[in-house]
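Q: I have a structure open and would like to go through some of its helix packing and its cysteines with you. Could you take it step by step?

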Amino acid sequence: MADTGSAPEYKKYQTYALNVDPDQDDKATEIKLCNFSRPHMRAFHCSWWCFFIAFFIWFSITPLLSEIAITLDLDKQQIWTSSITGVAGTIFMRFLLGPQCDKYGARVLFTIVLCVASIPTACTGLIQNAAGLAVLRLFIGIAGGSFVMCQYWSSRMFTKEVVGTANALVGGWGNLGGGVTQIVMGTLLFPLFKTGMSAERAWRTVCIVPAVVAFFTGVAVQFVSDDSPKGNYKDLKKHGNMPEVSAAASFRSGAFNFNTWILFMQYACSFGVELTMNNAAALYFRQEFNQTTESAAAIASIFGWMNLFARGIGGYSSDKMNAKMGMRGRIIVQTVLLSCEGAMVLIFANTSNLAGAIVVMIVFSIFVQAAEGSTYGIVPYVNPPCTGSIAGIVGAGGNSGAVGFGLAFRQLARYKDAFIVMGCVILASAGLSAFIFIKGHASLLCGSDDPNIIGKGALSVPEPDAEEEEA
């Protein structure tokens, strides 16, 4: 047993079902998808499931927007205003939750966010006008902040050799909620509710179902999982094996790192695009190709279903290239994926038949989500003790991108013009990879990896801020 130097080491579990690296805080060196044992794989599955449910309730209203617009007599700009507020509120939550992860861990925060966000979700049926819709979606957007806990938790459980794959899988399977909600809410539950009531009564009541599921998921995760391989943060602190962490100091360190903001902008052009498509796809296929609400929702869901494997491919490719070329390999993967994504958006914008648009959207979606996975293959290396804060800031980039792209869709008369703007911005973001310089690691164009740095874990127990120690 390792000696911490100040107190006997506390470990909740003396043995693990997975192989672990004692030099990386007992993080797992492997991923066994069919294993649900505590702490590693239980946290893995709780992480993606909680984020899946959060994503589900976050976008549960989107396949119903065309029906809501008819009931409340809303125009295109009012609908897009509500979509923008739905992702804008999450920006603040991701900035807030990142440092709190470093301080409290992901488990407690998942419980709080899911239980709180379930309340406005259940209140969907009470809206009466455009302002009410916008405010409601602003508060439901609290659920989107859960992405930070999802990525932090997996980074806390898995070593640097597999963290890219782990982050990509939990993030991708969680994002899958955006596609599943289109199918379940728009194609299954809404028509089912509509068989026994009017269309208006159906959309006003159907969101109660995901709200209930989200609330009980939040309660359950508190009791069936652990904050870290060695136990919960509360117990680690009680036994003197983990120092108190200043959330403000953690955020400051992450925010003052230039690489954080490059990844912020690149994530705006991957996850921001996905969020925009979650809001736009059903409306686009209904208006441009004259599809019904049910069929448009089914087509739109395909974009989200690619999360089943695409984000994982991005993280896995990042890990493999890291094994061969170090950090330069990860940055190359990031650059290639963003470039391909931008090109596919431009092709999608100029595809005028339904079958072609669906095929191009599928390929486009794969590159979008793979780029998300490759981004979070880099995040744990930027400043390891502040990974929670950095994950929060970069995650907020995704929502910021969705706000920017949402404004383009709101203001431009044609969807085609908005997609062209989106594609050009994505291509520009790929060029930013040349400016990623992480201490101790090679950049895209120069430098080499320091073997002393590479030997360290991607994320360890947070240490007190150096400036605070001096004080």
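Q: At what angle do helix α16 and helix α18 pack, and how far apart are their axes?
A: Keeping in mind that this is a predicted model, helix α16 (residues 310–325) and helix α18 (residues 354–382) pack at an angle of about 45 degrees, and their axes lie 6 Å apart. The two helices are therefore oblique to each other, and α16 passes α18 in a right-handed crossing.

Q: Which residues in α16 meet α18 there?
A: On the α16 side they are A310, R311, G314, G315, S318 and N322, and they meet I366, Q369, A370, E372, G373, S374, Y376, G377 and Y381 in α18. By class, this contact has five nonpolar, eight polar and two charged residues.

Q: Moving to α3 and α5, at what angle do they cross?
A: Helix α3 (residues 76–104) and helix α5 (residues 130–140) cross at roughly 20 degrees, with axes that come within 7 Å. That makes α3 roughly parallel to α5, and the crossing of α3 past α5 is right-handed.

Q: What makes the contact between α3 and α5?
A: From α3 the contact uses Q78, I79, S82, S83, T85, G86 and G89, while α5 supplies A130, L133, A134, R137 and L138. These residues divide into five nonpolar, six polar and one charged.

Q: And α2, how many of its residues are buried?
A: Six of the eight residues of helix α2 (residues 65–72) are buried, so α2 is largely enclosed by the rest of the structure. The buried ones are L65, S66, E67, I68, A69 and L72.

Q: What covers those buried residues of α2?
A: The cover includes α3 and α5, the pair we just discussed, together with α8 (177–194), α9 (199–205), α14 (271–289) and α15 (293–305). Following α2 comes D73, whose phi is positive, near 55 degrees.

Q: Different topic: how many disulfides does the count come to?
A: The count comes to zero disulfides, taking a cut-off of 2.5 Å between cysteine sulfur atoms.

Q: Why is C207 not in a bond with C123?
A: The closest cysteine sulfur to that of C207 is in C123, and at 11 Å it is too far for a bond. C207 itself counts as buried, because its relative accessibility is 2%.

Q: What about C424, where is its nearest cysteine sulfur?
A: For C424, which is in no disulfide, the nearest cysteine sulfur is that of C269, 11 Å away. With a relative accessible area of 45%, C424 is partly exposed.

How values were computed. Residues are numbered from 1 along each chain as its sequence is written. This is a predicted model: local features need pLDDT of at least 70, side-chain atom pairs count only at pLDDT 80 or more; totals for chains, interfaces and linings use all residues. Side-chain values use heavy atoms; hydrogens and water are left out. Axes are lines fitted to C-alpha atoms, for helices over the stretch in contact, and angles run from 0 to 180 degrees between N-to-C directions. Helices (H or I, at least four residues) and strands (E, at least two) are DSSP runs, numbered from the N terminus. Angles under 35 degrees count as roughly parallel, over 145 as roughly antiparallel, 65 to 115 as roughly perpendicular and the rest as oblique. A crossing is left-handed if the near helix is turned anticlockwise from the far one by less than a right angle, and right-handed if clockwise. Contact means heavy atoms within 4.5 Å. Ala, Val, Leu, Ile, Met, Phe, Trp, Tyr, Cys and Pro count as nonpolar, Asp, Glu, Lys and Arg as charged, and the others, Gly among them, as polar. Buried means under 20% relative accessible area, exposed over 50%, partly exposed in between (1.4 Å probe, protein chains only).
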